[in-house]
Amino acid sequence: MNPLLSRRPVALLAAAAATCALATACGSSDSASPKADSSIATQKQDAALNAKLPADIRKAGVIKVGTEAQYPPFESLADDNKTIVGLDPDLAAAIGQVLGVKLVYTNIAFDGLLPALDAGRFDMIQAAVTDTKVREKQYDFVDYFMTGQAIVVKKGNPDGIGGVSDLCGRAVAVLKGSTQLKMLDGFNDKECAGNAIKVTALPTDKDALLQLQTGRADATFTQDAVGAYNVKNIGGGNQFEIANSEALLPTPVGIAFTKADTQLRDAVSAAIAEVIKSGAYDEILAKYSLSGGAVDAPAVNGAVD
């Protein structure tokens with residue numbers, strides 16, 4: 001594993017507050033907790049960690065979680081268009097087992113997640129959110145994964161794009177409200193002065209990829225894990241490739257909490273540490289071919305930028 005301390009975001013389907021079960025069918029206004037994957041080692045409940053949860057959560061037996069299910073392999077809708085699957089739901093199920101509570105998920109647009117956390121609608125946000133120094137000014141993060149960034153291009157890389165400097169002057173599609181969008185803005189200020197990247201921000205990763213597919217963009221810029229998933233699974237695996245040979249700008253992915261909710265933050269962090277210790281964490285990452293982003297231990301506010 002890579003130690004997090006020595007060293008993203010996602011976008012959104014405006015699902016009009018539709019709430020979906022992570023592993024069971026759901027209606028447009030129902031909530032449900034993630035169902036543990038039977039192939040992943042079952043976690044033993046830790047009574048001491050349960051006791052560290054805020055009293056209202058212990059009493060309700062529920063942690064309310066906001067997510068956005070359009071970002072595979074972290075979270076996406078299964079073939080039934082209801083069940084949310086991915087790394088985050090599997091990890092959430094394990095966390096819930098350790099803490100002895102249910103994690104109840106609501107699927108909404110990404111750019112509404114943090115405002116909803118502020119309003120008290122959710123206890124935490126788990127949606128492949130990049131932990132950044134800017135976000136840490138308002139929120140706390142428990143980081144559990146490292147991801148770099150990928151430049152996705154058409155198969156054969158017809159424009160010969162190899163790195164960030166090659167994006168200058170080109171059309172690049174990216175997720176609206178994402179850290180990658182902010183990175184592109186930074187590239188324009190530093191690497192592309194006078195020859196700016198022509199950025200188009202779209203509401204979902206699929207929309208961004210469609211821009212590339214139809215020739216309206218020369219590349220997309222996304223998390224490397226998501227880019228690798230798209231290359232392998234979209235268009236039969238023969239339409240796209242990743243242009244950069246190494247992941248760019250590795251950053252931590254974390255679960256977001258309000259600054260006031262340190263008690264829940266610390267309980268979740270300790271639960272993730274137990275999931276790592278048990279070996280279930282490695283099993284979950286291996287299931288999604290994401291072992292390269294593993295960390296040795298969770299970190300609180302481990303942003304690197």
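Here are some numbered notes on this predicted model, written as one colleague to another.

1. **The small antiparallel sheet.** Let me start with the open sheet built from three strands, whose order is β2-β3-β4 and whose pairing is antiparallel. Its edges are held by β2 (70-71) and β4 (84-85); each has a single partner strand, so each keeps one side without a neighbour in the sheet.

2. **How β2 meets β3.** Strand β3 covers residues 75-77, and two bridges join this strand to β2, the two running antiparallel. If you want a residue pair to click on, take Tyr71, whose bridge partner in β3 is Glu75.

3. **The parallel pairings of β1.** Strand β1 (residues 62-67) runs parallel to strand β5 (residues 102-107), and six bridges join them. Within this pairing, Lys64 stands opposite Val104 in β5. Strand β1 is also joined to strand β6 (residues 124-130), here by two bridges and again in a parallel run. On that side, Gly66 stands opposite Ile125 in β6.

4. **The disulfide.** How many disulfides does the structure hold? There is one, formed by Cys168 and Cys192, with 1.9 Å between their sulfur atoms. Cys168 sits in the loop between β7 (139-154) and β8, while Cys192 sits in the loop between α6 (179-190) and β9 (198-202), so the bond ties together parts that are 24 residues apart in sequence. As for its handedness, the torsion about the S-S bond is about -70 degrees, so this disulfide is left-handed. Both ends are out of the solvent by the accessibility criterion: Cys168 is buried, and Cys192 is buried too.

5. **The largest cavity.** For anyone looking at internal space, the largest cavity has a volume of about 30 Å³. Its lining consists of Ala173, Val174, Leu175, Asp205, Ala208, Leu209, Thr220, Phe221 and Thr222. Which elements give two or more residues to this lining? They are β8 (171-175), α7 (205-213) and β10 (219-223). Sorted by class, the lining has six nonpolar, two polar and one charged residues.

6. **A salt bridge between two helices.** The count of salt bridges comes to five. One of them pairs Lys287 with Asp90, the closest N and O atoms being 2.8 Å apart. Lys287 belongs to helix α10 (residues 280-287) and Asp90 to helix α3 (residues 87-99), so this contact ties together parts that are 197 residues apart in sequence. The two partners fall into separate accessibility classes: Lys287 has a relative accessible area of 40%, so this residue is partly exposed, whereas Asp90 has 11% and is therefore buried.

7. **Asp140 and Arg265.** Another salt bridge joins Asp140 to Arg265, with the closest N and O atoms 2.8 Å apart. This pair links distant parts of the chain, since Asp140 is in strand β7 and Arg265 is in helix α9 (residues 262-278), 125 residues away. Is this pair buried or exposed? Asp140 is buried, and Arg265 is buried as well.

8. **Arg265 and its network.** Arg265 also forms a salt bridge with Asp266, where the closest N and O atoms are 2.8 Å apart. With a relative accessibility of 39%, Asp266 counts as partly exposed; Arg265, at 14%, counts as buried because the cut-off for that class is under 20%. Salt bridges that share partners join Asp140, Lys259, Arg265 and Asp266 into one network.

9. **One more distance for Arg265.** While you have Arg265 on screen, it may help to look at Ile255 too. The two residues are 10 apart in sequence, and their C-alpha atoms are 8.6 Å apart in space.

Terms used:
Residues numbered from 1 in each chain as written. Predicted model: local features only at pLDDT ≥ 70, side-chain atom pairs only at ≥ 80, totals over all residues. Heavy atoms only, no water. Pairing = 2+ DSSP bridges. Helix = DSSP H or I, 4+ residues; strand = E, 2+ residues; numbered from the N terminus. 1 Å grid on protein atoms, 1.4 Å probe; cavity = no way out; pocket = protein on both sides within 12 Å on 5 of 7 lines; lining within 4 Å. Points joined across faces, edges and corners; volume = space filled by probe spheres on them. Nonpolar A, V, L, I, M, F, W, Y, C, P; charged D, E, K, R; others polar. Disulfide = S-S within 2.5 Å. Buried < 20%, exposed > 50% of the residue type's maximum accessible area, 1.4 Å probe, protein only. Salt bridge = Lys/Arg side-chain N within 4 Å of Asp/Glu carboxyl O.
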